[in-house]
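Got your viewer open? Let's walk through this one stop at a time, picking selections as we go.

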Amino acid sequence: MKGLLLKEFIMLKKGWVTFLIFFIAFGIGGVGSDFMCFMLPLFVAILLYGHINYDEQSKWQQYSIALPYGRKMIVSAKYAAMAIGAAVSTVLVVLLYGVTVAIGKAEFSLKDLVGHLVLSLAIGIVYPSFFLPLAYKFNSEKGRTIMLFLNGAAGACSVFLLSAIEATGILAKLSNYTNILPYIAIAAVLVLFALSWLISVKIYEKREL
């Protein structure tokens with residue numbers, strides 16, 4: 001596992017300059033904006049997802065058969081890298097929130113801090129949870145195309161769902177449980193991540209390389 005994870009982080013050398021520029025520009029422009037909770041973990045996840053494309057282009061997946069790693073281990077390493085990336089991006093988001101408070105653009109609020117943390121971690125985990133099974137089933141480019149289509153469909157459906165939920169008054173009832181909602185959200189995201197890993201392992205073990 002260590003060797004596979006090392007491979008993932010060595011490959012980050014190709015994109016670390018881009019990430020640094022993005023972080024500096026986004027950090028300056030995103031301070032004081034909740035948008036940073038979405039963009040930063042998403043960018044990190046996309047950066048790590050791109051490694052699958054590198055693997056396909058270099059034929060690494062075919063050569064990996066000769067390595068002392070099973071297919072389950074290879075998939076697990078990819079998911080572990082994504083989880084580490086999500087954790088790191090969440091820490092960066094929290095640091096940016098601290099800067100926002102320190103420069104006086106916002107007042108410290110534990111609720112806001114927890115919200116930033118949960119949203120960032122959720123984005124960093126949900127993205128690969130959907131993308132990786134598609135990439136292992138097809139390939140990285142087809143998986144990205146399918147996911148973009150699904151994103152558009154989900155966006156359109158969410159507008160109708162939110163309108164319907166708001167009309168039923170469910171949101172008002174949920175407001176009474178705001179203290180436990182972050183924990184429920186994190187638990188749901190982790191369950192999704194685990195199911196995604198299981199599906200990807202099953203797909204990759206049966207896939208012809």
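## Stop one: H1 against H5

Select Leu 4, Leu 5, Lys 7, Glu 8 and Phe 9 in H1, and you'll find them meeting Met 73, Ile 74, Ala 77, Lys 78, Ala 80, Ala 81 and Ile 84 in H5. Colour that contact by class and you get nine nonpolar, no polar and three charged residues. Bear in mind as you click around that this is a predicted model.

Now show the axes. H1 covers residues 2-11, and its axis comes within 9 Å of the axis of H5, crossing at roughly 50°. Angles from 35 up to 65 degrees fall in the oblique class, so H1 and H5 are oblique to each other. The crossing is right-handed.

Before leaving H1, keep Lys 7 selected and add Trp 60. Lys 7 lies over the face of Trp 60, at 4.5 Å from the ring centre.

## Stop two: H5 against H6

Next, select residues 71-102 for H5 and residues 110-137 for H6. At what angle do the axes of H5 and H6 cross? They cross at roughly 155°, coming within 9 Å. Over 145 degrees counts as roughly antiparallel, and H5 and H6 are therefore roughly antiparallel to each other. Their crossing is right-handed.

For the contact itself, pick from the H5 side first: the residues there include Val 75, Tyr 79, Met 82, Ala 86, Val 93 and Tyr 97. Across from them, H6 brings in residues including Leu 113, His 116, Leu 117, Gly 124, Pro 128 and Tyr 136. By class, the H5 and H6 contact divides into 16 nonpolar, five polar and two charged residues. Lys 78 is worth a click, since this residue of H5 turns up in the contact with H6 and also in the one with H1.

While you have H5 up, go to Arg 71 and add Tyr 204. The charged end of Arg 71 sits over the ring of Tyr 204, 5.6 Å from its centre.

## Stop three: H6 against H9

Keep H6 and add H9, residues 181-206. Are H6 and H9 roughly parallel or roughly antiparallel? The axes come within 9 Å and cross at roughly 15°, which means H6 and H9 are roughly parallel to each other. H6 passes H9 in a left-handed crossing. By class, this contact has 21 nonpolar, three polar and one charged residues.

Terms used. Residues are numbered from 1 along each chain as its sequence is written. This is a predicted model: local features need pLDDT of at least 70, side-chain atom pairs count only at pLDDT 80 or more; totals for chains, interfaces and linings use all residues. Side-chain values use heavy atoms; hydrogens and water are left out. Axes are lines fitted to C-alpha atoms, for helices over the stretch in contact, and angles run from 0 to 180 degrees between N-to-C directions. Helices (H or I, at least four residues) and strands (E, at least two) are DSSP runs, numbered from the N terminus. Angles under 35 degrees count as roughly parallel, over 145 as roughly antiparallel, 65 to 115 as roughly perpendicular and the rest as oblique. A crossing is left-handed if the near helix is turned anticlockwise from the far one by less than a right angle, and right-handed if clockwise. Contact means heavy atoms within 4.5 Å. Ala, Val, Leu, Ile, Met, Phe, Trp, Tyr, Cys and Pro count as nonpolar, Asp, Glu, Lys and Arg as charged, and the others, Gly among them, as polar. A charge sits over a ring if NZ of Lys or CZ of Arg is within 6 Å of the ring centre and within 35 degrees of the ring normal.
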